[in-house]
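Q: Could we go through the open and enclosed spaces of this model, and then the way its helices pack?

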Amino acid sequence: MTKTVLITGATAGIGEAAVRAFAADGWQVIGTGRRADRLEKLAAEIGDAFCPLLFDMRDEAAIDAALASLPEAFRAIDMLVNNAGLALGTAPAQSADLAQWQQMIETNITGLVTVTHKLLPGLVARKGGIINLSSVAATYPYAGGNVYGGTKAFVHQFSLGLRSDLHGTGVRVTSIEPGMVETEFTLVRTGSQQASDTLYGNANPMTAEDIAATLLWVANQPAHLNINTLELMPVSQSFAGFQVAREG
């Protein structure tokens, strides 16, 4: 029987790579995003196995309308991949832009829990699965990471809470926590292609396809096996040293 996965944030980076990976593996894929042109391009590329849903993760009414519009063949969702999210700004907390903080919270937390809540009844009925995209920033703080790291720590803890609440239902829950992955992430965060190129240059970072393959591997594990948390880094990245401020 063909399974169906819903992947949020499907118009770039890890989400876009995941759409291709799952479709190539024989899954039906629902991809969500805010950019209609990119969703249309994926639909043209993948064909009947792909169903695009256009909405902003911060708009609950749009989420409801999009889910209600799903064709019958795509309504039985077996797997939710909560990939949509973003980081904005690198300023320290005391000089950060509050609007950027709010947008990260609304997208990375509120949007994620909204989509999850709406799909949970069906996922329980089908003994499905949830894969949440967190980050190493959930565990390891760094200067300028403030609210972004906080949102990803929420995703980690929410995953554990879901796993506890869904005990006995057969629903699997996984938190995927990547380190450096070369996507549009840093361009969106800083607005600077140069900053993105500088960060990833000669670093041999992970790719969107690396993480997509990991998502597919988790999704294809046998029904009795749950991957609770999976942290990934490129070999070139390791743990930062402590900061020390010196007087004088």
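A: The answers below take up the pocket, then the cavity, then the helix contacts. This is a predicted model, so to speak of local features requires pLDDT of at least 70 and side-chain atom pairs count only at pLDDT 80 or more, while totals for chains, interfaces and linings use all residues. Residues are numbered from 1 along each chain as its sequence is written, and side-chain values use heavy atoms, with hydrogens and water left out.

Q: How much space lies in the largest pocket?
A: The largest pocket holds about 1300 Å³. On a 1 Å grid over the protein atoms alone, a pocket is an open set of points with protein on both sides within 12 Å along at least five of seven lines, whereas a cavity is a set where a 1.4 Å probe fits but cannot get out. Grid points are joined across faces, edges and corners, and a volume is the space filled by probe spheres set on the points.

Q: Which residues lie nearest its centre?
A: Gly85, Leu86, Ala87, Tyr148 and Phe185 do, out of 50 lining residues; a lining residue has an atom within 4 Å of a point.

Q: Which element gives the largest share of that lining?
A: H6 does, with five residues. At least two residues each come from helix H1 (13-24), strand S2 (28-33), helix H4 (98-125), helix H5 (146-165), helix H6 (185-190) and helix H7 (193-200). Helices (H or I, at least four residues) and strands (E, at least two) are DSSP runs, numbered from the N terminus.

Q: And how does the lining divide by class?
A: The pocket lining has 24 nonpolar, 19 polar and seven charged residues. Ala, Val, Leu, Ile, Met, Phe, Trp, Tyr, Cys and Pro count as nonpolar, Asp, Glu, Lys and Arg as charged, and the others, Gly among them, as polar.

Q: Turning to enclosed space, how many cavities of 30 Å³ or more are there?
A: The count comes to one. The largest cavity has a volume of about 50 Å³, and its lining includes Met79, Arg172 and Asn226. Strands S5 (129-133) and S6 (172-178) are the elements that give two or more residues to this lining. Its residues divide into seven nonpolar, three polar and one charged.

Q: Now the helices. At what angle do H4 and H5 cross?
A: The axes of H4 and H5 cross at roughly 15° and come within 8 Å. That makes H4 roughly parallel to H5, a term for angles under 35 degrees. Axes are lines fitted to C-alpha atoms, for helices over the stretch in contact, and angles run from 0 to 180 degrees between N-to-C directions.

Q: Which residues in H4 meet H5?
A: Among them are Trp101, Ile105 and Leu112 in H4, and the H5 side includes Tyr148, Phe154 and Phe158. Contact means heavy atoms within 4.5 Å. The residues of this contact divide into 13 nonpolar, four polar and one charged.

Q: What about H1 and H2?
A: The axes of H1 and helix H2 (residues 36-46) come within 12 Å and cross at roughly 20°, which makes these helices roughly parallel too. Glu16, Val19, Arg20 and Ala23 in H1 meet Leu42, Glu45 and Ile46 in H2. By class, that contact has four nonpolar, no polar and three charged residues.

Definitions and conventions:
Angles under 35 degrees count as roughly parallel, over 145 as roughly antiparallel, 65 to 115 as roughly perpendicular and the rest as oblique.
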